[in-house]
Amino acid sequence: MISYIAIRDSLAIALADELGTYEYSNGGVTVAIAIETEANKSVEKATRTGLELVITPDSRRVVTQTHGSQLLLLYGRLTLRQWDSTKTTTAAIAIVLDALQEEFPGLTVSGVEIDLRSEKLDDRLEEFSLEFSQAFLLQ
């Protein structure tokens, strides 16, 4: 079954050559990919460099009854942010869309938004986001 962690892990592999880093005040450095929830929004913010991928789970976990089974709908938002003014998200967008189609064929992608800025806003020059959803039949 698809999960936010499965999506993160799949895209981390697909974007391995594209992703930037998070640098923390204690000297720690990690790949710039995260699942952002209400619980971890208040955690120390890292300095971001390069391309960042953020997966935001949506709380709309809808379960409906249908012919003795339950249908579960999983929703979320995926956001790519480019923090390097010399690069764009163009290549990463294609990689993400290809990886989602290949790894999760039942995943529906919608609400695609591309926000290109001509001037800096919080040092982020470019942002791309999409919504995703998938239905599961629970026995």
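Student: What makes Arg81 and Glu127 count as buried?

Tutor: Buried means under 20% relative accessible area, exposed over 50%, partly exposed in between (1.4 Å probe, protein chains only). Arg81 falls in the buried class, and Glu127 does too. Bear in mind that this is a predicted model, where local features need pLDDT of at least 70, side-chain atom pairs count only at pLDDT 80 or more, and totals for chains, interfaces and linings use all residues. Residues are numbered from 1 along each chain as its sequence is written, and side-chain values use heavy atoms, with hydrogens and water left out.

Student: Why is the contact of Arg81 with Glu127 called a salt bridge?

Tutor: The term needs a side-chain nitrogen of Lys or Arg within 4 Å of a carboxyl oxygen of Asp or Glu. Here the closest N and O atoms are 3.0 Å apart, so the pair qualifies. Arg81 sits in strand β7 and Glu127 in strand β9, so parts 46 residues apart in sequence get tied together. (Strands are DSSP runs of E, at least two residues, and helices are H or I runs, at least four, numbered from the N terminus.)

Student: Which residues share a salt-bridge network with Arg81 and Glu127?

Tutor: Arg48 and Glu52 are linked with them.

Student: How do you know that Glu131 is partly exposed?

Tutor: Its relative accessible area is 30%, which lies between the two cut-offs, so Glu131 is partly exposed. Glu131 also meets Arg77 in a salt bridge, 2.8 Å from N to O.

Student: And what makes Asp9 partly exposed?

Tutor: Asp9 has 37% relative accessibility, so the label fits there as well.
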